[in-house]
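Open the model in your viewer, keep the sequence beside it, and follow the stops below in order. Each stop says what to select next and what is to be found there.

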Amino acid sequence: APDGKRAWVSLWNSGNIAEIDLESGKLRRSIRLTDSKTPRTSSAHSSEMVLSPLGYWLFVALANSDEIAVVRTDNGAVVAHVGVGIEREQAVGYQPSVLAFDKIGNRLLFGSSQTNSITSISITQETLCIDCSAEDERKEFPAFHVQEKSRVSFPTQWYPSAIAVQGDNLLIANAKGVGTGP
């Protein structure tokens with residue numbers, strides 16, 4: 001967390017995450033990322049996590065359910081599930097596994113390992129409170145919103161497994177390939 005007092009850990013096989021108090025070293029809370037009423041034959045596989053630039057939201061890639069969970073960092077509430085499929089396409093198997101923000105912080109990038117693509121979506125931009133203390137600012141969480149029409153996808157090489165933004169560049173590491181040689 002931006003305050004350096006908390007961290008989140010993926011509980012991959014359960015599809016949940018744990019919030020850890022770094023000062024005491026104890027579990028603060030376990031956060032269920034999927035609806036317990038929805039029957040699942042396997043875990044959602046909570047994978048990579050990334051904090052929003054101001055730390056209001058934690059984004060968690062759910063590789064086995066084709067969603068990204070959005071968690072409020074103040075109370076652990078799941079405020080949204082962002083589907084990663086193409087709007088007109090109802091197929092499953094995108095497997096979002098990596099996350100990053102653009103340099104401005106208003107576009108979330110996610111890599112879909114099974115479709116060999118990176119997608120960028122526009123999200124609600126976090127805003128700073130101009131005339132208030134940091135404590136007052138944290139009391140008012142912005143509402144989360146995804147602008148679906150702003151979704152842009154592009155192909156990558158085989159199985160994107162890490163992404164990072166450095167300035168105007170998007171760096172992509174791929175986990176699979178055909179090897180080297182002539």
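**Salt bridges**

Begin with the charged side chains, for the structure holds 6 salt bridges. Keep in mind along the way that this is a predicted model.

Select D3 and R6, which form a salt bridge whose closest N and O atoms are 3.9 Å apart. In this pair D3 is partly exposed, with a relative accessible area of 44%, whereas R6 counts as buried at 9% relative accessibility.

Keep R6 selected and add E19, because R6 forms a salt bridge with E19 as well, with the closest N and O atoms 3.6 Å apart, and both R6 and E19 are buried. This second pair links distant parts of the chain, since R6 belongs to strand β1 (residues 6–11) and E19 to strand β2 (residues 16–21), 13 residues apart.

Next select R72 and D74, whose side chains meet in a salt bridge with 2.6 Å from N to O. Are these two partners buried or partly exposed? R72 counts as partly exposed at 23% relative accessibility, and D74 is partly exposed too, with a relative accessible area of 31%.

To finish this stop, select D3, R6, E19, R28 and R29 together, which are joined into one network by salt bridges that share partners.

**The open sheet**

Switch to a cartoon view and find the open sheet that 4 strands form in the order β4-β5-β6-β7, with antiparallel pairing. Its edge strands are β4 (46–51) and β7 (78–83), each of which pairs on one side only. Looking across the sheet, neighbouring strands are turned by 20° against each other on average, with direction ignored. As background, strands of a sheet pair through backbone hydrogen bonds, in either a parallel or an antiparallel way.

Now zoom in on β4 and its neighbour β5 (residues 57–62), which pair in the antiparallel sense over 4 bridges. Which residue of β5 is the bridge partner of M49? Select V60, which is that partner, and then select S46, which stands opposite L62 in β5. Follow the chain through the hairpin of β4 and β5, where 5 residues lie between the strands, and pause at G55, which takes a positive phi near 85°.

**Two residues with positive phi**

Continue to D66, which is in the loop between β5 and β6 (67–72). D66 has a positive phi of about 55° although it is not a glycine, and this residue is buried, with a relative accessible area of 14%.

Then go to N116, found in the loop between β9 (107–112) and β10 (117–123). N116 likewise is not a glycine, yet has a positive phi, of about 50°, and here the residue is partly exposed, with a relative accessible area of 23%.

**The nonpolar cores**

In soluble globular proteins, nonpolar side chains tend to be buried together. Which residues touch the most other members of the largest nonpolar core? Select F59, I68, L99 and L108, which do so among the 17 residues of that core. The elements that give two or more residues to this core are β5, β6, β7, β8 (96–101), β9 and β10, and the largest share, 3 residues, comes from β5.

Stay with L108 and show what surrounds it: leaving out residues up to four places away in sequence, L108 touches V50, F59, I68, A100, F101, T119, S120, I121 and I123. Apart from the largest core lies another core, of 10 residues, and to locate it you can select I17, I31, V60 and L62, which are among its members. Two of these names will be familiar from the hairpin, where V60 is the bridge partner of M49 and L62 stands opposite S46.

**Confidence**

As the last stop, colour the model by pLDDT. The chain averages a pLDDT of 80, and 76% of the residues score at least 70. Select residues 128–134, over which pLDDT stays under 50 and for which the model has 4 contacts beyond four places in sequence.

Conventions:
Residues numbered from 1 in each chain as written. Heavy atoms only, no water. Pairing = 2+ DSSP bridges. Axes fitted to C-alpha atoms, helices over the stretch in contact; angles between N-to-C directions. pLDDT = per-residue confidence, 0-100. Contact = heavy atoms within 4.5 Å. Buried < 20%, exposed > 50% of the residue type's maximum accessible area, 1.4 Å probe, protein only. Core = buried A, V, L, I, M, F, W, Y, C linked by side-chain atoms within 4.5 Å. Salt bridge = Lys/Arg side-chain N within 4 Å of Asp/Glu carboxyl O.
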